[in-house]
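Please open the model in your viewer and keep the sequence beside it. The stops below are meant to be taken in order, each beginning with a selection to make.

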Amino acid sequence: MKRVCAFIGVICIMLSAIAIRLRFCRLDVLIDGTYSAFSYNDIPISLSISKGYERVELDCETNIDNVLQKLRAIIIKKESIGDISIIYAYSPALLKSVELFGERVNLMIARTSSSVVVGSPLIKGSF
């Protein structure tokens with residue numbers, strides 16, 4: 001009987017850890033801004049845990065280094081397209097990722113003169 005109770009206790013602890021990780025591994029929990037989420041076929045959804053794309057629009061004065069630090073992100077690649085600066089990174093704080101440039105990427109940040117957009121695993125739509 002003690003073994004069964006111990007086994008059930010371990011299972012409960014593991015499930016709690018998974019539930020907490022799913023709840024707190026979203027952009028809207030980690031950074032403040034205007035949050036939206038989209039399914040893979042571009043339909044807005046209310047919550048993105050394992051499917052779809054997350055997006056947070058930030059003030060244009062946002063310090064991108066602070067965002068990267070808060071998410072403990074490692075920069076994979078930087079590029080510029082016209083007046084848009086784009087950063088591709090990997091953050092252990094986020095669950096979803098895609099393979100890009102031969103690396104796992106789960107964070108994309110785009111900065112223009114008027115806005116900063118953060119997306120996970122990539123930015124869906126325009127920025």
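With which residue does K96 form a salt bridge? Select K96 together with E54: these two form the salt bridge, and their closest N and O atoms are 3.3 Å apart. Bear in mind, here and at every later stop, that this is a predicted model.

**The salt bridges**

Stay with this pair and follow the chain on either side, since the pair links distant parts of the chain, with K96 in the loop between β5 and β6 and E54 in strand β3 (residues 53-58), 42 residues apart. Colouring by accessibility shows K96 as buried, with a relative accessible area of 9%, and E54 is also buried, with a value of 1%. Both count as buried because each value falls under the 20% cut-off.

Next, select R55 and E57, which form a salt bridge in which the closest N and O atoms are 3.2 Å apart. Is R55 buried or exposed? R55 counts as buried at 9% relative accessibility, whereas E57, at 38%, counts as partly exposed. A search of the whole structure finds two salt bridges, and these are the pairs K96 with E54 and E57 with R55.

**Across from strand β3**

Now move to L58, which lies in strand β3 and counts as buried at 12% relative accessibility. Add V116 to the selection and draw a distance between the C-alpha atoms: L58 and V116 are 58 residues apart along the chain, yet their C-alpha atoms are separated by 5.1 Å.

**The aromatic pair**

For the next stop, select Y88 and F101 and show their side chains. The count of aromatic pairs comes to one. Y88 and F101 form this pair, which is edge-to-face, with 5.0 Å from centre to centre and 70° between the planes. The arrangement is called edge-to-face because the angle of 70° is over the 60 degrees that this term requires. In sequence the pair links distant parts of the chain: Y88 sits in strand β5 (residues 84-90), while F101 sits in the loop between β6 (98-100) and β7 (103-105), 13 residues away. The two partners can also be compared by accessibility, for Y88 is buried at a relative accessible area of 8% and F101 is partly exposed at 42%.

**Backbone features**

Keep F101 selected and turn from its ring to its backbone. What is the phi of F101? Phi of F101 is near 60°, a positive value in a residue other than glycine.

Then go to R72, in the loop between α3 (64-70) and β4 (74-81). R72 likewise is not a glycine, and it has a positive phi of about 55°. R72 is exposed, with a relative accessible area of 53%, and it is classed in this way because that value is over 50%.

The following selection is the peptide bond from S120 to P121, which is cis, with omega near -5°. S120 is in strand β9, and P121 is in the segment after β9 (116-120). S120 is buried, with a relative accessible area of 1%. What does the side chain of S120 reach? Display N106 as well, and the side chain of S120 can be seen to reach the backbone oxygen of N106 at 2.9 Å.

**The loop before β9**

Step back along the chain to T112, in the loop between β8 (107-111) and β9. T112 is buried, with a relative accessible area of 13%. Extend the selection to D83 and I84, which T112 touches when residues up to four places away in sequence are not counted.

**Confidence along the chain**

Finally, colour the model by pLDDT. The mean pLDDT of the protein is 78, and 67% of its residues reach 70 or more. Which element has the lowest mean pLDDT, and which the highest? Helix α2 (residues 27-30) has the lowest, at 58, and β5 has the highest, at 96. Select residues 17-24 as well: over this stretch the pLDDT is below 50, and beyond near neighbours in sequence the stretch has eight contacts in the model.

Key: Residues are numbered from 1 along each chain as its sequence is written. This is a predicted model: local features need pLDDT of at least 70, side-chain atom pairs count only at pLDDT 80 or more; totals for chains, interfaces and linings use all residues. Side-chain values use heavy atoms; hydrogens and water are left out. Rings of Phe, Tyr and Trp (its six-membered ring) pair if their centres lie within 6.5 Å; planes under 30 degrees apart count as stacked, over 60 as edge-to-face and the rest as tilted. Helices (H or I, at least four residues) and strands (E, at least two) are DSSP runs, numbered from the N terminus. Buried means under 20% relative accessible area, exposed over 50%, partly exposed in between (1.4 Å probe, protein chains only). A salt bridge is a side-chain nitrogen of Lys or Arg within 4 Å of a carboxyl oxygen of Asp or Glu. pLDDT is the predictor's confidence in each residue, from 0 to 100. Contact means heavy atoms within 4.5 Å. A polar contact is a pair of N or O atoms within 3.5 Å; within protein, one must be able to donate a hydrogen and the other to accept it, and residues adjacent in sequence count only if both atoms are side-chain atoms.
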